[in-house]
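Biologist: Could you pick one small part of this model and take me through it slowly? After that, I'd like to see how other parts look when you describe them in the same way.

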Amino acid sequence: MGAIEERQSLAGPWVPPVVVFCDPSRWPEVDHTARDFQEGAARAAAALAAVQSFDVPVRREAALIRAHTAVSALSTALEGAVGSVAGDGIGAQSAVQEYFRIRTAALDRVQSAAQNARVAMLTLEDLRWAPLAGSDIERICIGLRQMFLDVLESHEQRGGGLVEAVGGADEGFGDEGGVGAGTDLHTLWFRRWIVGHHLHALFNVMSTVALRSAVAVWGMGDAESAAACIARATTYVEAFPAARAYTLALPASFYNSALRPSMMPPLVEVPLSGKMHVEYQRYREQLNVLLDVVPGGIVELARVQPSLALAREALLEADLCDSQRHASLVEPVVGTQKSLVQNPRTKDNAVSMLRMIHNRRAAQFAKYLRYAERPGEPVMGGEGFS
């Protein structure tokens with residue numbers, strides 16, 4: 001089957017709806033309507049916290065099903081209250097938004113929670129089928145849990161016995177039901193490709209919101225609250241590579257025969273580039289704002305605000321780990337190919353460019369880190385594999 005025919009064969013009602021994320025620069029205050037859903041958010045958060053990613057498969061799957069049940073109930077309640085935002089009627093801000101069915105708009109808290117909950121629901125529906133490391137499942141669940149608590153300003157302790165209320169014993173969870181059961185693999189993989197990008201964009205948006213809050217409270221002289229906001233942002237940034245791993249939980253052959261051609265003309269107007277990811281670029285811009293307004297290297301800042309210095313360091317370490325894993329996650333599917341926007345005559349390829357991006361950020365962040373990378377220095381006393 002040719003690339004165009006393969007791409008066309010994936011069209012159908014299974015395609016995830018357009019998701020609309022709230023513009024972080026217009027993040028709304030929580031209102032009384034949002035407070036009506038705090039109990040449901042607490043239930044969803046508790047169910048996500050109960051997922052033991054390193055448990056045996058049958059119990060891990062049962063926990064993911066219970067989390068999906070709790071999130072689905074919240075999603076249904078939220079959409080019942082506000083309806084669905086007509087994403088198709090909102091213009092895309094980039095070719096990537098158009099391709100991945102993502103939009104940005106001003107939303108209230110309940111509308112934002114409804115959109116985010118649907119992304120979480122679709123992710124959890126498929127997560128039990130995806131071949132992921134336990135650490136990636138864990139960080140996706142942690143990121144989604146934090147999202148529900150942040151968007152609806154809920155508190156997990158509001159509900160007692162919430163996990164038990166969501167689902168019963170582990171028995172009885174088989175392969176029936178869910179997007180993975182009886183689904184054509186090409187359909188499953190392409191749906192995962194789209195939903196995974198929704199999940200990544202969701203974490204981008206929430207990290208940007210948290211960083212904007214950090215800058216705001218730091219401007220008011222509240223270093224403790226700024227450190228707490230940065231810690232929330234770090235939770236989302238740690239989930240970036242996990243979302244990428246989920247997105248790329250598909251064969252290289254499918255990526256190269258169907259996905260890669262679908263991101264190039266004539267199937268799209270222009271080749272897609274990472275710089276077109278609106279939500280991620282806003283995160284990067286806000287990270288640079290934070291570095292501009294919170295002064296001093298780690299030594300200087302730690303002398304006067306140690307909690308803030310260490311929170312900033314943890315955020316930047318997570319960012320560097322994300323850029324490292326970006327290269328390692330992409331390599332199995334792209335190999336030595338160039339990116340979609342690279343000149344054929346350039347000496348670099350997609351993976352080498354990602355490595356250079358990491359190196360550039362490592363140099364930028366060095367003064368903020370205790371254990372900065374120092375290119376050219378010999379490695380002494382290293383542990384683990386060598």
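Modeller: Let's start with Ser-94, which sits in the loop between helix 4 (57-82) and helix 5 (95-100). Helices here are DSSP runs of H or I with at least four residues, strands are runs of E with at least two, and both are numbered from the N terminus. Keep in mind that this is a predicted model, where local features need pLDDT of at least 70 and side-chain atom pairs count only at pLDDT 80 or more, while totals for chains, interfaces and linings use all residues. Residues are numbered from 1 along each chain as its sequence is written, and side-chain values use heavy atoms, with hydrogens and water left out.

Is Ser-94 buried or exposed? Its relative accessibility is 16%, so Ser-94 counts as buried. The cut-offs are simple: buried means under 20% relative accessible area, exposed means over 50%, and partly exposed is in between, using a 1.4 Å probe and protein chains only.

What does Ser-94 touch, if we skip residues up to four places away in sequence? The partners are Met-276 and Val-278. Touching, or contact, means heavy atoms within 4.5 Å. Ser-94 also has a link to Gln-97: a polar atom of the Ser-94 side chain lies 3.1 Å from the backbone nitrogen of Gln-97. That fits the idea of a polar contact, a pair of N or O atoms within 3.5 Å; within protein, one must be able to donate a hydrogen and the other to accept it, and residues adjacent in sequence count only if both atoms are side-chain atoms.

Now follow that link to Gln-97, which belongs to helix 5. Gln-97 is buried, because its relative accessible area is 1%. A polar atom of the Gln-97 side chain lies 2.8 Å from the backbone nitrogen of Gln-93. Leaving aside neighbours within four places in sequence, Gln-97 is in contact with Ala-92, Ile-102, Arg-103, Thr-104, Val-278 and Glu-279. Val-278 turned up before, as one of the residues that Ser-94 touches.

A little further along comes Arg-101, in the loop between helix 5 and strand 2 (102-105). Arg-101 has a positive phi of about 60° although it is not a glycine. With a relative accessible area of 25%, Arg-101 is partly exposed. Glu-153, also not a glycine, has a positive phi too, near 50°. Glu-153 is in the loop between helix 7 (134-151) and helix 8 (162-166), and its relative accessible area of 36% makes it partly exposed.

Let's go back to Val-278, since helix 12 covers residues 278-293. The loop between helix 11 (252-262) and helix 12 holds Pro-266, and a cis peptide bond, with omega about 10°, joins Pro-265 to Pro-266.

How do we describe helices that pack together? Two packed helices are described by the angle between their axes and the distance between the axes. The axes are lines fitted to C-alpha atoms, for helices over the stretch in contact, and angles run from 0 to 180 degrees between N-to-C directions. Helix 12 and helix 15 (residues 350-365) have axes that come within 13 Å and cross at roughly 20°. The two helices are therefore roughly parallel; angles under 35 degrees get that label, over 145 is roughly antiparallel, 65 to 115 is roughly perpendicular, and the rest are oblique. On the helix 12 side, the contact uses Tyr-280, Arg-284, Leu-287, Asn-288 and Leu-291, while helix 15 supplies Arg-361, Gln-364 and Phe-365. These residues divide into four nonpolar, two polar and two charged. Nonpolar covers Ala, Val, Leu, Ile, Met, Phe, Trp, Tyr, Cys and Pro, charged covers Asp, Glu, Lys and Arg, and the others, Gly among them, count as polar.

Try the same reading on helix 6 (residues 109-127) and helix 9 (residues 185-219), whose axes come within 9 Å and cross at roughly 135°. This pair is therefore oblique. The residues in contact include Val-119 and Leu-122 of helix 6 and Val-195 and Leu-199 of helix 9. By class, this contact has seven nonpolar, three polar and four charged residues.

Finally, step back to the whole protein chain, with its 15 helices and two strands. Of its 386 residues, 51% are buried.
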